[in-house]
Protein chains: 2
Amino acid sequence: MTSHENLWMRPEHPARGPRPTFSRVRLTESAIQVADSEGLAAISMRRLATEIGAGTMSLYRYVSGKDDVIELMIDAVVADYIPPDLVLSGDWRADLRGLADRVRQVMLRHPWIAPLSGTRQQPSPNRVRMLDTALRMVDGLGLSFNEMLTVIGTVFAYVNGFVESELAEAEALRRTGLDLMEWMTLQGPYLQSVVASGRYPMVARMLTEGGRDYVDVGDRFAYGLERLLDGIAARLPEAGA
Amino acid sequence: MTSHENLWMRPEHPARGPRPTFSRVRLTESAIQVADSEGLAAISMRRLATEIGAGTMSLYRYVSGKDDVIELMIDAVVADYIPPDLVLSGDWRADLRGLADRVRQVMLRHPWIAPLSGTRQQPSPNRVRMLDTALRMVDGLGLSFNEMLTVIGTVFAYVNGFVESELAEAEALRRTGLDLMEWMTLQGPYLQSVVASGRYPMVARMLTEGGRDYVDVGDRFAYGLERLLDGIAARLPEAGA
DNA sequence: CAGAAACCGAGTACGCCGTACTCGGTATGA
DNA sequence: TCATACCGAGTACGGCGTACTCGGTTTCTG
């Protein structure tokens, strides 16, 4: 138990000794690349070592285990949630919407992060930076500090939940390997039996007339987000109520 | 490639041959019990086999692999989302709130399911049943079918996202093994350096005056849910707008 | 009622995984 | 210059999911 167990306090290397051949950023970049193209399951210490041309156990000179690698990956992606040149507009609603949209876009580019960021939320440099920015967005609205945290937490809960399910939808299609037709062929018999049972009329309607007035997934995301912001706005102190 | 690859269409056993010693429900119950008390990571085919007193490979007579076990676990828990004696009140808002509250309670009892249900959403008997019930809740409000699906999807996105993060919070404390004090001691040095840097004044405020007006986690859940329902209600066709 | 067919449960084995421990070689600070 | 501290790599262990195989038992068929 050294004095700093935390990854973010542990220096990457001691002052003494030979120059290190690799680096945490190198490791992190490779890991993100692998996870982006082959999924989180493809990440293993052996695989990452091979990827950067190192011996497997050499990685343990840079991180204390696989958990650290995951933490580094998350922090690196979270950095993108807040653009470096971001300036707040002063309109909390526009700012929050902008953040939510951007988070969604980044999450869609890195499909492995939504499930992780819901589960893991240790403080890390870029998460701290993002939280600070998000808090500034809702500052000065007459909310107490914990109310501000509640508002932000609510928005993030929605964004995370939505994107997770959005990705699951896409993944379900990709897992079977092919397109929607293939999926229907696979699940078809079961769904037909559901319809035929007559016990689930609403689902039956969904399966028969479901594709009629298709709602774009981006529009669905925006709908929920705007309804949430509507509800929040209506209860703001300045709004009277 | 048999004619029914789907788990839910595959009969548990052929008509011929000796009586099976175990069953899917037995397997599922053991798996849920293990996951509840030791986490999802504790689930392995060897472990489950030991648990029910079977040879490891015997399990493969009942399921086609670990994926099937997970699917069975999810479906069994989802069954609890809708109480058997549930009757709809006719008040869509009360019904939706009741469902959301219950889903949260069930998820808190089975901490492993929130991350899974976000990622996996294959149709299974109890998920179909739940979806049908949820759709009935928002039927007759003048919404198109896909608008109804959008409303329900929005609420579930929020619930799932919130509970996932709620559990992550609790898990982060439990992972270090002990209570909040222990966590603070561990993360303390890093957080202090964050405050000391002066670059994140809002986070600094949070860490210093954060515990002042504590908001109960149940109240935070209710807050977000009610704001979401507010926003949805305001845009209902009957509401004019 | 007898025989054949079908199926059960279990064992063995393969290729993955994370990582603890160890050691020869090398760059650094005194 | 040389002792020290550290680097990169190798080996090994216990665990994982699951493909394949086989002896014994049960059920259906005639």
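A polar contact, as the term is used in this tour, is a pair of N or O atoms within 3.5 Å. The model on screen is predicted.

**First stop: a base contact on DNA strand C**

Select B:Arg61 together with DNA strand C. A polar side-chain atom of B:Arg61 lies 2.3 Å from a base oxygen of the strand, and this pair is a polar contact because its separation falls within 3.5 Å.

Extend the selection to the protein surroundings of DNA strand C, which comprise 28 residues. The closest of them are B:Arg61, B:Thr21, B:Gly55 and B:Met57, together with A:Arg46 from the other chain. By class, this surface consists of twelve nonpolar, nine polar and seven charged residues.

Next, display the phosphates of DNA strand C. At B:Thr21, an N or O atom in the side chain is 2.4 Å from a phosphate oxygen. At A:Met45, a backbone N or O atom is 2.8 Å from a phosphate oxygen of DNA strand C. Of the atoms of this strand that lie within 4 Å of the protein, sugar and phosphate hold 56%, and bases hold the rest.

**Second stop: DNA strand D**

Now select DNA strand D and the 28 residues around it. Those that come nearest are A:Thr21, A:Gly55, A:Met57, A:Arg61 and B:Arg46. Among the atoms of DNA strand D within 4 Å of the protein, 56% are accounted for by sugar and phosphate.

Three phosphate contacts merit inspection here:

- A:Gly55 places a polar backbone atom 2.5 Å from a phosphate oxygen of DNA strand D.
- A:Ser58 contributes an N or O atom of its side chain, 2.9 Å from a phosphate oxygen of DNA strand D.
- B:Met45 has a polar backbone atom at 2.9 Å from a phosphate oxygen of DNA strand D.

The surface near DNA strand D is made up of seven charged, nine polar and twelve nonpolar residues.

**Third stop: the two protein chains**

Hide the DNA and colour chains A and B separately. What rotation superposes chain A on chain B? The rotation is 180 degrees, with 0.0 Å of shift along its axis and an RMSD of 0.0 Å. This is the relation of a two-fold axis.

Select the interface: 69 residues of chain A contact 69 residues of chain B. Of the interface residues of chain A, 100% are also interface residues in chain B, so the copies meet through the same surface. The area buried between the chains is about 5800 Å², and carbon and sulfur atoms give 63% of this area. Highlight A:Phe145, A:Tyr190 and A:Met202, which supply 13% of the area that chain A buries against chain B, more than any other three residues.

How many salt bridges link chain A and chain B? The count is zero, while six residue pairs are in polar contact between the chains. The elements of chain A that give two or more residues to this side are helices H5 (113-119), H6 (125-137), H7 (145-175), H8 (180-197), H9 (201-209) and H10 (217-234). H7(A) gives the most, with 17 residues. The side of chain A that touches chain B has 33 nonpolar, 18 polar and 18 charged residues.

**Last stop: a salt bridge in helix H10**

Finally, select A:Asp230 and A:Arg227, whose side chains meet in a salt bridge (2.8 Å, N to O). Both residues lie in helix H10 of chain A, three residues apart, about one turn of the helix. Over all chains, the whole structure contains 26 salt bridges.

Methods
Residues are numbered from 1 along each chain as its sequence is written. Chains are lettered from A and ligands numbered from 1 in the order in which they are written. This is a predicted model: local features need pLDDT of at least 70, side-chain atom pairs count only at pLDDT 80 or more; totals for chains, interfaces and linings use all residues. Side-chain values use heavy atoms; hydrogens and water are left out. Contact means heavy atoms within 4.5 Å. Buried area is the accessible area (1.4 Å probe) that two parts lose on being put together, summed over both. A salt bridge is a side-chain nitrogen of Lys or Arg within 4 Å of a carboxyl oxygen of Asp or Glu. A polar contact is a pair of N or O atoms within 3.5 Å; within protein, one must be able to donate a hydrogen and the other to accept it, and residues adjacent in sequence count only if both atoms are side-chain atoms. Helices (H or I, at least four residues) and strands (E, at least two) are DSSP runs, numbered from the N terminus. Ala, Val, Leu, Ile, Met, Phe, Trp, Tyr, Cys and Pro count as nonpolar, Asp, Glu, Lys and Arg as charged, and the others, Gly among them, as polar. A residue is near a molecule or strand if one of its heavy atoms lies within 4 Å of it. Copies are superposed by least squares on the C-alpha atoms of residues with pLDDT of at least 70 in both.
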